[in-house]
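Student: I am new to this structure and would like a close look at one part of it. Could you take me through the aromatic rings and what lies around them?

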Amino acid sequence: ALQMINNAMNFLGVRYRGGGTTTSGMDCSGMVTAVFNIFGLKLPRSSHEMARIGEKIDKSQVKKGDLVFFRTNGRSTINHVGMVVEVTGDEIKFIHSSTQKGVIISSTKEPYYQRTFAQANRVLL
C-alpha cells in the first residue's frame, strides 16, 4: 500500500483530463488505474465499476491504500474515486484527480466530501 501511495504522490499536480490515464492529464479513476497498473494490477476503468470490486468496508476500518468512493453528481450513482493516503482519527485523507485542481490530496472532513461520501473498499489484501 505504501509503495502505491508513493507512486500516486508522483501524480500530484497532474492536470485533470476526462478519460486520461497519463501525466499529461488524468481523471479520478484514470489516476487510480495508473497507480494499480504500475504494479500489474488491473482494475475496471470507471469509478462506478471499481466500487464493485474488493471488499466493502466500514469507514472506521479504512487504511492506507483503500479506495474511497463518492457520489458527486447529485445522483445515486458512484462517480468519483480516490486512494487513501492517511487516516487520523475519523479523518481520511485521499489522493484523487479533481476537475478543478487536477491531482490533489483532500479530506473527508471537507464539507463537500463529507456530504458526497458513498463507501470505502479494500482491494489490496
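Tutor:

**A patch, then the aromatic cluster**

Before the rings, a word about the outside: in this predicted model, I38, F39 and L41 make a nonpolar surface patch of about 240 Å². One of these residues, L41, lies in the loop between α2 (28-38) and α3 (47-50), and because its relative accessible area is 35%, between the limits of 20% for buried and 50% for exposed, L41 counts as partly exposed.

Now to the part you asked about. The number of aromatic pairs comes to 5, and two of them share the residue Y113. In one, F70 and Y113 meet edge-to-face, with 5.2 Å from centre to centre and 70° between the planes. Since F70 belongs to strand β4 (residues 67-70) while Y113 belongs to helix α4, this pair ties together parts of the chain that are 43 residues apart in sequence. Are these two residues buried or exposed? F70 has a relative accessibility of 0% and therefore counts as buried, and Y113, with a relative accessible area of 8%, is buried too, because the limit for that word is 20%.

The other pair joins F94 to Y113, and it is again edge-to-face, with 5.2 Å between the centres and 85° between the planes. Here, too, distant parts of the chain are linked, for F94 sits in strand β6 (residues 91-98) and Y113 in helix α4, 19 residues apart. F94 has a relative accessibility of 0%, so this residue is counted as buried.

Taking a wider view, F70, F94, Y112, Y113 and F117 form one aromatic cluster. Of its members, F117 also has a charged neighbour: the charged end of K59 sits over the ring of F117, at 4.2 Å from the ring's centre.

One further residue helps to complete the picture of this region, namely T108, which is found in the loop between β7 (102-107) and α4 (111-116). Because its relative accessibility is 3%, under the 20% limit, T108 counts as buried. Leaving aside residues up to four places away in sequence, T108 touches D90, E91, I92, F94, Y113, Q114 and F117. Among these contacts are F94, Y113 and F117, which also belong to the aromatic cluster, and so, when you look at the structure, you can follow the chain from the T108 loop to the rings themselves.

Methods
Residues are numbered from 1 along each chain as its sequence is written. This is a predicted model: local features need pLDDT of at least 70, side-chain atom pairs count only at pLDDT 80 or more; totals for chains, interfaces and linings use all residues. Side-chain values use heavy atoms; hydrogens and water are left out. Helices (H or I, at least four residues) and strands (E, at least two) are DSSP runs, numbered from the N terminus. Buried means under 20% relative accessible area, exposed over 50%, partly exposed in between (1.4 Å probe, protein chains only). Contact means heavy atoms within 4.5 Å. Patches are made of residues with over 30% relative accessible area and no salt bridge: like charges are joined within 9 Å, nonpolar side chains (Val, Leu, Ile, Met, Phe, Trp, Tyr) within 5 Å. Accessible areas come from the Shrake-Rupley method with a 1.4 Å probe; for residues, only the protein chains shown count as cover. A salt bridge is a side-chain nitrogen of Lys or Arg within 4 Å of a carboxyl oxygen of Asp or Glu. Rings of Phe, Tyr and Trp (its six-membered ring) pair if their centres lie within 6.5 Å; planes under 30 degrees apart count as stacked, over 60 as edge-to-face and the rest as tilted. A charge sits over a ring if NZ of Lys or CZ of Arg is within 6 Å of the ring centre and within 35 degrees of the ring normal.
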